[in-house]
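Colleague: Got a minute to go through this structure with me? I'd like to start with the charged pairs and then wander a bit.

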Amino acid sequence: MPLGSMGALEGLKVVDLSRVLGGPYCGQMLADHGAEVIKIEPPQGDETRGWGPPFDQEGISAYFAGINRNKRTMALDLAKPEGRAVLLRLLEDSDVLIDNFKTGTMEKWGIGYADTLSAKFPRLIHARVSGFGEDGPLGGLPGYDAIVQASSGLVSVNGSPESGPVRIGVPVVDLSTGMNACIGILMALYERNRSGKGQFVDATLYDSAIALHQPHAPNYFMAGLKPRLVGNSHASLAPYANFPTRNGNIVVGAGNDGQFRKLCQMLGKPALADDPRFRTNKDRVAHRAELEAELRELLKDRDADAFSKELMKGGVPSGAVLDVPEVMEHPHTAHRGMVWEKDGYRNVGNPVKLSRTPAAVRSKPKKFGLDTKAVLAERGYSEAEIDKLVASGVALTEIRKG
């Protein structure tokens with residue numbers, strides 16, 4: 001696990017006003033790669049601080065810890081003019097601002113990008129994560145992962161005929177929106193090298209969810225097809241499904257006719273590949289139920305882990321269905337550096353690998369307002385001014401109750 005790397009984004013200064021998941025995940029991606037990210041929380045704190053159990057010994061929830069490492073943390077009451085004045089001072093030497101306020105909030109406070117920030121800080125990149133964007137039929141409405149999974153059609157394609165539509169079990173919309181915001185920020189920074197100008201990055205949960213519709217959207221646009229629930233199977237490829245074995249489940253995916261022939265040989269029934277129902281993928285999709293019945297019978301007495309590895313070595317894509325603890329303790333997870341540890345903190349690492357400037361863990365997630373006074377002092381506030389800001393509730397070092 002890399003420690004103390006300078007990072008590809010060393011020197012980039014980011015102010016992160018976002019809470020919950022999409023925005024903070026974007027900020028953590030930047031921070032992992034060396035950006036200085038100052039997370040500014042509202043007086044009541046990021047909601048995810050209370051999303052538990054579990055909590056660590058310092059009272060930090062696992063949910064919060066998963067998306068807020070490598071950040072400095074302070075708190076401001078931006079509803080107060082004095083709080084907004086502090087924010088503007090912080091933005092004087094910042095490159096990026098991230099927020100996920102309800103659309104119109106920053107504008108109501110007089111610090112919207114178009115009216116204020118773009119003129120005051122022409123090189124600033126302002127990224128906003130929102131549910132549906134500012135305008136349009138759904139513009140301004142609040143967005144939550146499960147809600148957008150439903151309204152974007154993702155729930156409708158997930159599940160089986162028996163279960164009915166099912167929410168995807170990870171917050172894929174929030175996470176993909178955070179990634180898209182990060183990509184947009186990096187694009188805008190690259191363009192700034194040419195123009196010298198910042199710009200607004202608009203990343204919405206709705207857009208991100210719709211962009212995930214592969215291959216369902218192409219199928220619809222080409223042939224007017226409405227997706228059907230196929231559970232662990234695939235609408236356009238067979239076999240590509242989840243099968244029970246004697247000690248767990250195994251996913252087998254033969255992506256072409258050659259792989260299917262190898263699968264049949266390794267299952268001890270090579271003649272299956274010459275069955276007219278299964279010779280081509282088109283045939284196999286048309287006779288998916290019969291094919292999967294054959295494969296269930298051939299796989300039911302196999303060892304999931306051992307046979308999946310045997311298939312992979314033989315050129316047939318396969319994998320045993322592992323649970324989360326098994327994955328996190330898997331030797332390949334360790335080999336890929338996908339679990340990071342520091343000072344008692346242990347969590348998923350960063351998936352973006354750079355050869356010279358790798359991502360790294362420099363600091364674990366922090367208690368609320370831990371860096372408030374230090375950040376203010378670095379921006380030129382005197383000790384007396386800092387004490388006044390804290391005493392008046394403009395800057396905070398402890399969560400405001402109620």
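Colleague: So how many salt bridges does a search of the whole structure find?

Modeller: The search turns up 25 salt bridges. Keep in mind that this is a predicted model. One of the pairs is Arg 128 with Glu 107, at 3.5 Å from N to O.

Colleague: Where do Arg 128 and Glu 107 lie?

Modeller: Arg 128 is in strand β5 (residues 125–130) and Glu 107 is in helix α4 (residues 105–108), so the pair ties together parts that are 21 residues apart in sequence. Arg 128 counts as buried, at 5% relative accessibility, while Glu 107 is partly exposed at 30%.

Colleague: What about Arg 277, which side chain does it meet in a salt bridge at 2.8 Å?

Modeller: That's Asp 275, with 2.8 Å from N to O. Arg 277 also forms a salt bridge with Glu 294, where the closest N and O atoms are 3.9 Å apart. The Glu 294 pair links distant parts of the chain, 17 residues apart: Glu 294 sits in helix α12 (residues 288–299), and Arg 277 in the loop between α10 (257–266) and α11 (281–286).

Colleague: And the three of them, buried or exposed?

Modeller: A mix. Asp 275 counts as buried at 17% relative accessibility, Arg 277 is partly exposed at 27%, and Glu 294 is partly exposed at 22%.

Colleague: Which residues do salt bridges with shared partners join into one network?

Modeller: Lys 13, Glu 36, Arg 72, Asp 93, Glu 378 and Arg 379.

Colleague: Now the other way round: which side chain of opposite charge is nearest to Asp 174?

Modeller: Arg 167, but it is 8.7 Å away, and Asp 174 has no salt bridge even though it is buried. Asp 174 is in helix α7 (residues 172–195). Leaving out residues up to four places away in sequence, Asp 174 touches Leu 21, Gly 22, Asp 145 and Leu 205.

Colleague: Gly 22 is in α1, right? How many residues of α1 are buried?

Modeller: Gly 22 is one of the buried residues in α1. The count is 11 of 11, so α1 is largely enclosed by the rest of the structure. After α1 comes Gly 34, with a positive phi near 105 degrees.

Colleague: Which residues other than glycine have a positive phi?

Modeller: Val 20 is one, with phi near 70 degrees; it is in the loop between β1 (13–16) and α1 (22–32). Asp 343 is another, with phi near 50 degrees. Asp 343 is in the loop between β12 (339–342) and β13, and it counts as exposed at 57% relative accessibility.

Colleague: Where are the cis peptide bonds?

Modeller: One runs from Gly 52 to Pro 53, with omega near 10 degrees, and Pro 53 is in the loop between β2 (36–41) and α2 (62–65). Another runs from Gln 214 to Pro 215, with omega near 5 degrees, and Pro 215 is in the loop between α8 and α9 (216–223).

Colleague: Speaking of α8, which residue of the negative surface patch lies there?

Modeller: Asp 207 lies in helix α8 (residues 205–211) and is partly exposed, with a relative accessible area of 45%. Glu 134, Asp 135 and Asp 202 form the negative patch together with Asp 207.

Colleague: Last one: what is Asn 350 in contact with?

Modeller: Leaving aside neighbours within four places in sequence, Asn 350 contacts Met 29, Asp 32, His 33, Arg 69, Met 338, Trp 340 and Ala 359. Asn 350 is buried, with a relative accessible area of 2%, in the loop between β13 (345–348) and α16 (372–378).

How values were computed
Residues are numbered from 1 along each chain as its sequence is written. This is a predicted model: local features need pLDDT of at least 70, side-chain atom pairs count only at pLDDT 80 or more; totals for chains, interfaces and linings use all residues. Side-chain values use heavy atoms; hydrogens and water are left out. Patches are made of residues with over 30% relative accessible area and no salt bridge: like charges are joined within 9 Å, nonpolar side chains (Val, Leu, Ile, Met, Phe, Trp, Tyr) within 5 Å. Accessible areas come from the Shrake-Rupley method with a 1.4 Å probe; for residues, only the protein chains shown count as cover. A salt bridge is a side-chain nitrogen of Lys or Arg within 4 Å of a carboxyl oxygen of Asp or Glu. Lys and Arg count as positive and Asp and Glu as negative; His and the chain ends are not counted. The place of a charge is taken as NZ of Lys, CZ of Arg, CG of Asp or CD of Glu. Helices (H or I, at least four residues) and strands (E, at least two) are DSSP runs, numbered from the N terminus. Buried means under 20% relative accessible area, exposed over 50%, partly exposed in between (1.4 Å probe, protein chains only). Contact means heavy atoms within 4.5 Å.
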